[in-house]
Amino acid sequence: MSSLTPVYTAVISENAIADNEVVAAVAGKQIKVLSLVLVCSGGANTCTWKTAATAISGAMSFAVNGGYSLGDGTTPVLVTNNGEALNLALTAATLVGGHVSYVLG
């Protein structure tokens, strides 16, 4: 990855049983997640990362205050299809928070 490639961040603060948009789609570009932190602070929840409506991670179940961090900021750990949003699907209406760092490619 070039040192001139801009790295963006997005805040995660979702509590809807839905495919919640974390990063909006960019025409002709992939969203390449370099690192992320996710905490299910509001209660038990199952989270799945998606490119638009297609899963790009397995379903991950968390108890209250369960969470994880992923990636070292140098290599993509999740990649969307061209022109598709990065979504986080939740199965419970409890607060999930965190952040992602990403590049567009």
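**Contacts and burial in a predicted strand-rich model**

Thr-80 touches Gln-30, Ile-31, Thr-51, Ala-85 and Leu-86, residues up to four places away in sequence being left out of the count. The model in which these contacts appear is a predicted one. Thr-80 is situated in the loop between β8 (78-79) and β9. Its relative accessibility is 1%, and Thr-80 therefore counts as buried, the limit being under 20%. The side chain of Thr-80 also takes part in polar contacts with the backbone. It reaches the backbone nitrogen of Ile-31 at 2.9 Å, and it reaches the backbone oxygen of Glu-84 at 3.5 Å.

A second buried polar residue is found in strand β2, where Asn-20 lies. The relative accessible area of Asn-20 is 7%, so this residue is classed as buried. Its side chain reaches the backbone oxygen of Ala-16 at 3.1 Å. Apart from residues up to four places away in sequence, Asn-20 touches Glu-14, Leu-86, Asn-87, Leu-88 and Leu-90.

From these polar residues the account turns to the nonpolar interior. In soluble globular proteins, nonpolar side chains tend to be buried together. Here the largest nonpolar core has 20 residues, and Leu-38, Trp-49, Leu-88 and Val-100 are those with the most contacts inside it. At least two residues of this core come from each of β1 (8-14), β2, β3 (31-40), β4, β9 (86-90) and β10 (96-104). Strand β3 supplies the largest share, namely five residues.

Leu-38 shows how such a residue is surrounded. Beyond its neighbours within four places in sequence, Leu-38 is in contact with Ile-12, Cys-47, Trp-49, Phe-62, Gly-66, Gly-67, Tyr-68, Leu-88, Val-96 and Gly-97. Two of these partners, Phe-62 and Tyr-68, also form an aromatic pair with each other. A pair of aromatic rings is described by the distance of the centres and the angle of the planes. For Phe-62 and Tyr-68 the centres are 5.6 Å apart and the planes differ by 5 degrees, so the pair is stacked, the limit being under 30 degrees. Phe-62 is buried, with a relative accessible area of 12%, and Tyr-68 is likewise buried, with a value of 19%. The whole structure contains two aromatic pairs.

Which residues form a salt bridge? The structure has one salt bridge, and it joins Lys-50 to Asp-19, with the closest N and O atoms 3.2 Å apart. This pair links distant parts of the chain, since Lys-50 is in strand β4 (residues 45-51) and Asp-19 is in strand β2 (residues 19-23), 31 residues apart. The two partners differ in exposure: Lys-50 counts as buried at 17% relative accessibility, whereas Asp-19 is partly exposed, with a relative accessible area of 37%.

Two loop residues complete the picture through their backbone geometry. Ala-52 has a positive phi of about 55 degrees although it is not a glycine. Ala-52 lies in the loop between β4 and β5 (54-55), where it is partly exposed, with a relative accessible area of 27%. Asn-65 is not a glycine either, yet it has a positive phi of about 65 degrees. Asn-65 belongs to the loop between β6 (60-62) and β7 (66-70). At 56% relative accessibility, Asn-65 counts as exposed, because the threshold for that class is over 50%.

Conventions:
Residues numbered from 1 in each chain as written. Predicted model: local features only at pLDDT ≥ 70, side-chain atom pairs only at ≥ 80, totals over all residues. Heavy atoms only, no water. Salt bridge = Lys/Arg side-chain N within 4 Å of Asp/Glu carboxyl O. Helix = DSSP H or I, 4+ residues; strand = E, 2+ residues; numbered from the N terminus. Buried < 20%, exposed > 50% of the residue type's maximum accessible area, 1.4 Å probe, protein only. Core = buried A, V, L, I, M, F, W, Y, C linked by side-chain atoms within 4.5 Å. Contact = heavy atoms within 4.5 Å. Phe/Tyr/Trp six-rings, centres within 6.5 Å; stacked < 30°, edge-to-face > 60°. Polar contact = N/O pair within 3.5 Å; in protein donor to acceptor, adjacent residues only side chain to side chain.
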